[in-house]
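Dear colleague,

Please find the structure below, handed over for your use. My notes on it follow.

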Amino acid sequence: MSVDNFKTSIYEYLETLPDFTFQRLFQKPATCLAIFRLLPGIGRQIVMSLLYVEKPMSMQDLGHWVTLDGQRKLQDAIVKLTRLRIMVEKNNMLMMNDTFRLEFKNALTGGGTQQSFGLPCATVDKHQVDIAFLDQYSTQQWEAILHYMVGTLTSRKPSAGVLNLLERSQLMKKGEQNQLEITNKGFQFLLQDVNTQVWAFLLQYLNVAEMLQMDLVEVLNFLFQLGASELGENYSVETLTQTQQHMLEDLRDYGIVYQRKRGSRRYYPTRLATTLTSGNSARLISKPSPTADAGLASSSISAAMTSKDDEEQGFVIVETNYRLYAYTDSLLQISVLNLFVQLNARFPNMVTGLITRDSVRNALIKGITAEQMIAYLQSHAHPQMRKKTPILPLTVVDQMRLWEMERNRLKTTPAFMYMNYNVQADYDASEKHARQVGVLLWANPKKRTMVITQVGHESVKGFVKRRIERQQQQQ
């Protein structure tokens, strides 16, 4: 799910890379395995079926592999395979990239000596950490970014590199007093799952890396290597290039890797790293429930791989009188609600509030749309709400849209006002000139006042001056 042309999918990014970049990427078995995981099910089946077939496969024969109903999915899979340069289609024949074939075999069989999956440290870490610690660390680091986006005062400020990415990706923008404020893209970003959020950050990091003339292939290889790492294992930095060692400092700020101190010779990938290419999303916060203990609200990602049914559990109840009840004790979720809801009371496991015209307008001013607010309430609706159709009361939904339309009735345009004309003839001549050049926004002949666009100001101003000069010469 993208955010207004803001790329959140690594596939979208990879398909824009040139051929020679793919040839370098395919030289690493870990990268081949990671890209394989990005493929749809039919695409993975095609790769595995043709991996040990040296001869090209005709498109006609390939079409017999699926039923008539699956032809569309087959064509989509072939398009993805060719755009990722895994397959080459020529003369109605499909052939696998030789470099990909060789290194993907090495990834599956453990062949090769490239150590592209990382080098586990041979010595025992004196300050060894467990998975629970890594989950807590990544939760704190990533939640610090999300809390800052929604303006939680209790959160610590992220590093300068994180703030730069937030602004560059337009998730936040500078507002009054030069302070960063969340944008509509930022609000949509909060609605994504954690894995999508992390990739959105990393894709922006790739853009910055290109500007800094970092080796893009080394950056991508390291990200794919982390995606294939083992959670809880500590890896040596000896096999990393200078570019990849520099990346460690940045990835620590995101909670993707853990290092005890800068310059440490070992690092631990966190669950945010190991789920990058797994197809599963890390869960930072346990799903709020009415009976949840306050100390469990910001639980670690140890319960990462929750089922789809668990993910669909909501916590928000909206009544027809615009009252809202949220059964959560998560500071992050409360802060998100506070962007467009007037919160009135907070209890150990619940907050209550009211959706008002002012609260919605405050969100609209920040660039958050009514549809985004409605989508948030729907996606986090309590199971009792989901039993109804529609999920949200129509009175509330329609009113939020009306409040947005009310604000959009007026459009501000930079302009100049011309007034205090002593002679009606001078005003009439100026108004006529403004109409002819198409820069007149509004006019009141009785009050001898008119409003001119910013672009037309110089033209009308010059006309008035020339008229005054002619009058002075005639006198």
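**Helix α22 and its surroundings**

In helix α22, the residues His 457, Val 460, Gly 462, Phe 463 and Val 464 are buried. Among the elements that cover these buried residues are β13 (415-418), α21 (424-437) and β15 (449-453). The helix itself runs over residues 457-474, 18 residues in total, and its first and last C-alpha atoms lie 26 Å apart, close to the 26 Å expected at 1.5 Å a residue.

**Confidence**

Please bear in mind that this is a predicted model. The mean pLDDT of the protein is 85, and 90% of its residues reach 70 or more. Two stretches call for a separate remark. Over residues 1-7 the pLDDT stays under 50, and the model has 21 contacts beyond four places in sequence for them. Over residues 285-312 the pLDDT is likewise below 50, with 56 contacts in the model beyond near neighbours in sequence.

**The sheet of β1, β3 and β2**

An open sheet is formed by 3 strands in the order β1-β3-β2, with antiparallel pairing. Strands β1 (57-58) and β2 (87-90) stand at the edges with a single partner strand each, so one side of each has no neighbour in the sheet. Helix α6 (residues 71-83) packs on the sheet and touches β2 and β3, its direction making about 105° with that of β2.

The pairing can be followed residue by residue. β2 and β3 (residues 93-96) are joined in the antiparallel sense over 4 bridges; Glu 89 has Leu 94 as its bridge partner in β3, and Val 88 has Met 95. β1 and β3 are paired in the antiparallel sense over 2 bridges, and here the bridge partner of Ser 58 is Met 93 in β3. In the hairpin of β2 and β3, 2 residues lie between the strands, and Asn 91 takes a positive phi near 55°.

Which side chains of β3 are buried, and which are not? They alternate along the strand: Leu 94 and Met 96 point to one face and are buried, whereas Met 93 and Met 95 point to the other face and are not.

**Helices α4 and α7**

Two packed helices are described by the angle between their axes and the distance between the axes. For helix α4 (residues 41-50) and helix α7 (residues 98-109), the angle is about 95° and the axes are 11 Å apart. The two helices are therefore roughly perpendicular to each other. Where they meet, Val 47, Met 48 and Leu 50 in α4 face Phe 100, Arg 101, Phe 104 and Leu 108 in α7 as contacts.

Helix α7 has 12 residues, which should span 16 Å at 1.5 Å a residue; its end C-alpha atoms are 17 Å apart, in agreement with that value. The buried residues of α7 are Phe 100, Arg 101, Glu 103, Phe 104, Lys 105, Asn 106 and Ala 107. These pack against α3 (29-38), α4 and β3. Strand β3 is thus named twice in these notes, as a member of the sheet and as a packing partner of α7.

**A residue of α6**

Val 79 lies in helix α6. Is this residue buried or partly exposed? Val 79 counts as partly exposed because its relative accessibility is 34%. Its C-alpha atom is separated by 9.4 Å from that of Gly 43, and the two residues are 36 residues apart along the chain.

With kind regards

How values were computed
Residues are numbered from 1 along each chain as its sequence is written. This is a predicted model: local features need pLDDT of at least 70, side-chain atom pairs count only at pLDDT 80 or more; totals for chains, interfaces and linings use all residues. Side-chain values use heavy atoms; hydrogens and water are left out. The expected span of a helix is 1.5 Å times one less than its number of residues. Buried means under 20% relative accessible area, exposed over 50%, partly exposed in between (1.4 Å probe, protein chains only). Contact means heavy atoms within 4.5 Å. pLDDT is the predictor's confidence in each residue, from 0 to 100. Two strands pair if DSSP finds at least two bridges between them. Axes are lines fitted to C-alpha atoms, for helices over the stretch in contact, and angles run from 0 to 180 degrees between N-to-C directions. Angles under 35 degrees count as roughly parallel, over 145 as roughly antiparallel, 65 to 115 as roughly perpendicular and the rest as oblique.
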